[in-house]
Amino acid sequence: MLRTDVDLSPSRYGAQRSLLRELVLLVGLTLLLATLVRTFGVQPFYIPSGSMENTLQVGDRVLVDKVSYRLHDVRRGDIVVFNGLDSFTPETHVKQPTSPLAKAARTVGSSLGIAPPGEQDFIKRVIGVPGDRVKCCDAQGRVTVNGSPLAEWSYLYPGNTPSGTTFDQVVPEGRLWVMGDHRAESADSRSHLGDPGGGTVPESKVIGRAFSVVWPPSHWTGLGVPATYDEVRAPSALAPAAPYALGLAVALPSVMGRRRRRAGSGGQRP
């Protein structure tokens, strides 16, 4: 029997074609925006865990500058996004899509900061840069860098101590010591002390510097370097030579004294 209730009008097909065109246009614009974002070196990043609370909340979106570190070194106090593959274990577990379309959507969403990043992407605060000696804790329970204590009250999660773990590490060349602001919930450099690199992460794995929270609007703020890092002394370049300097300081007076005695004895000879 021929059905008479099916809408075969041109307007229905026109609406379907219009919807398809809009969908294709939306996908195209999304890909274009993702390309432009990557090209100009700024990428949104979705905060997947509470390891940086209260500075960053779960679900916040931050802007990550991917260009600055081509012009200057990573600085103490910077908040950085890095790939922790082979260095850190995931803090969150993200259900991975299975279909090709869903995978593509996840990739685009992560690039735009509207979907969680991969499990191997982390965001932490840089405490020590190459050559620094990071230690915990001093008599007041503070983390020190090159002997300078850090006043972390402005960003440390309320009720947290600077560290529940003791450590005393010199940061190797080309690596960074990083910690979360929510120390009790952050699996950071302290959690990997026994791993190669002593818990540090390679500078080459840094994706960029987080410089602003952009979503939600109520959380809008800049992410600058706390003032306490301006007080950190540079690592001592003379430390390896100290034993030689001490030896010279002890030996020189003795040598000069003998020379004077010899000179005096020689002057009294007939």
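## Overall composition

Accessible areas here come from the Shrake-Rupley method with a 1.4 Å probe. On that basis, the accessible surface of the protein chain in this predicted model comes to about 16300 Å², and 60% of that surface belongs to carbon and sulfur atoms. The protein chain has 270 residues, of which 37% count as buried.

The secondary structure of the protein chain consists of three helices and 12 strands. When contacts in the protein chain between residues at least 6 apart in sequence are considered, 71% of them join residues at least 24 apart.

## Nonpolar core and nonpolar surface

In soluble globular proteins, nonpolar side chains tend to be buried together. The largest nonpolar core of this model has 13 residues, and those with the most contacts inside it are Ile127, Val134, Val143, Val145, Leu150, Phe167 and Trp177. Strand S5, which covers residues 133–136, supplies at least two residues of this core, and S9 likewise supplies at least two.

Nonpolar side chains also appear at the surface, where Leu20, Leu23, Val24, Leu26 and Val27 make a patch of about 480 Å². One of these residues, Val24, is placed in helix H1, which spans residues 10–39. Val24 counts as exposed because its relative accessibility is 54%, and the cut-off for that class is over 50%.

## Salt bridges

Side chains of opposite charge can pair when their charged atoms come close. The structure holds eight salt bridges, and three of them are described here, beginning with the pair formed by Asp138 and Arg142, whose closest N and O atoms are 2.9 Å apart. Asp138 counts as partly exposed because its relative accessibility is 22%, and Arg142, at 31% relative accessibility, is likewise partly exposed.

In a second salt bridge, the side chains of Asp188 and Arg190 meet at 2.8 Å, N to O. Asp188 has 0% relative accessibility and therefore counts as buried, while Arg190 is buried with a relative accessible area of 9%; for both residues the relevant cut-off is under 20% relative accessible area.

Another salt bridge joins Glu152 to Arg183, with the closest N and O atoms 2.7 Å apart. Glu152 lies in the loop between strand S7 (148–149) and strand S8 (167–170), whereas Arg183 lies in the loop between strand S9 (175–179) and strand S10 (201–202), so the pair ties together parts that are 31 residues apart in sequence. Both Glu152 and Arg183 are buried.

## Asn160 and the segment around Arg183

Arg183 is also reached by Asn160, whose place is in the loop between S7 and S8, the loop that holds Glu152 as well. With a relative accessible area of 16%, Asn160 is buried. Leaving aside residues up to four places away in sequence, Asn160 touches Asp181, His182, Arg183 and Ala184.

Two polar contacts made by the side chain of Asn160 can be specified by distance. A polar atom of that side chain lies 2.9 Å from the backbone nitrogen of Arg183, and the side chain of Asn160 also reaches the backbone nitrogen of Ala184, at 3.1 Å. Arg183 is thus placed in both descriptions: as the salt-bridge partner of Glu152, and through its backbone nitrogen as a contact of the Asn160 side chain.

Definitions and conventions
Residues are numbered from 1 along each chain as its sequence is written. This is a predicted model: local features need pLDDT of at least 70, side-chain atom pairs count only at pLDDT 80 or more; totals for chains, interfaces and linings use all residues. Side-chain values use heavy atoms; hydrogens and water are left out. Patches are made of residues with over 30% relative accessible area and no salt bridge: like charges are joined within 9 Å, nonpolar side chains (Val, Leu, Ile, Met, Phe, Trp, Tyr) within 5 Å. A salt bridge is a side-chain nitrogen of Lys or Arg within 4 Å of a carboxyl oxygen of Asp or Glu. Helices (H or I, at least four residues) and strands (E, at least two) are DSSP runs, numbered from the N terminus. Buried means under 20% relative accessible area, exposed over 50%, partly exposed in between (1.4 Å probe, protein chains only). A polar contact is a pair of N or O atoms within 3.5 Å; within protein, one must be able to donate a hydrogen and the other to accept it, and residues adjacent in sequence count only if both atoms are side-chain atoms. Contact means heavy atoms within 4.5 Å. A nonpolar core is a set of buried Ala, Val, Leu, Ile, Met, Phe, Trp, Tyr and Cys residues joined through side-chain atoms within 4.5 Å.
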